[in-house]
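Q: Could you pick one small part of this structure and walk me through it closely? I'm new to it, so please go slowly and tell me how that part fits into the rest of the chain.

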Amino acid sequence: MDADLGTGRRDLVSTAVLNLGWDDDVACAAQLDADAVVPVLRDGAFTALGG
């Protein structure tokens, strides 16, 4: 599997999102295994789960 899920996936992203200039955000969100932790909302604050 590609480590970069953004490759070939750009056509699935809303044109409106891209027109807002969020290309970098979309590319970052599409990366596989980019982070070792997942943010979890607990008691009104985000804490790390994992890692």
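**A close look at Asp 43 and its surroundings**

A: Let's start with Asp 43, which counts as exposed because its relative accessibility is 85%, and the cut-off for exposed is over 50%. Keep in mind that this is a predicted model. So where does Asp 43 sit? You'll find Asp 43 in the loop between β1 and β2. There's a quirk in its backbone, too: Asp 43 isn't a glycine, yet its phi is positive, at about 55°.

Now step past the loop to strand β2, which covers residues 45–50 and holds Thr 47. Is Thr 47 buried or exposed? Neither, really: Thr 47 has a relative accessibility of 33%, so it counts as partly exposed, falling between the 20% and 50% cut-offs. If you set aside the neighbours within four places in sequence, Thr 47 is in contact with Val 38, Pro 39, Val 40 and Arg 42. Val 37 is another residue to look for: it lies 10 residues from Thr 47 along the chain, with 9.4 Å between their C-alpha atoms.

Strand β1, residues 37–42, is where the confidence is highest, at a mean of 88, while helix α1, residues 15–19, has the lowest, at 77. Over the chain, the average pLDDT is 75, and 73% of the residues score at least 70.

Zooming out, the chain has 2 helices and 2 strands, and they run α-α-β-β along the sequence. Just 4% of its 51 residues count as buried. The accessible surface comes to about 4300 Å², and carbon and sulfur atoms account for 56% of that.

Methods: Residues are numbered from 1 along each chain as its sequence is written. This is a predicted model: local features need pLDDT of at least 70, side-chain atom pairs count only at pLDDT 80 or more; totals for chains, interfaces and linings use all residues. Side-chain values use heavy atoms; hydrogens and water are left out. Helices (H or I, at least four residues) and strands (E, at least two) are DSSP runs, numbered from the N terminus. Buried means under 20% relative accessible area, exposed over 50%, partly exposed in between (1.4 Å probe, protein chains only). Accessible areas come from the Shrake-Rupley method with a 1.4 Å probe; for residues, only the protein chains shown count as cover. Contact means heavy atoms within 4.5 Å. pLDDT is the predictor's confidence in each residue, from 0 to 100.
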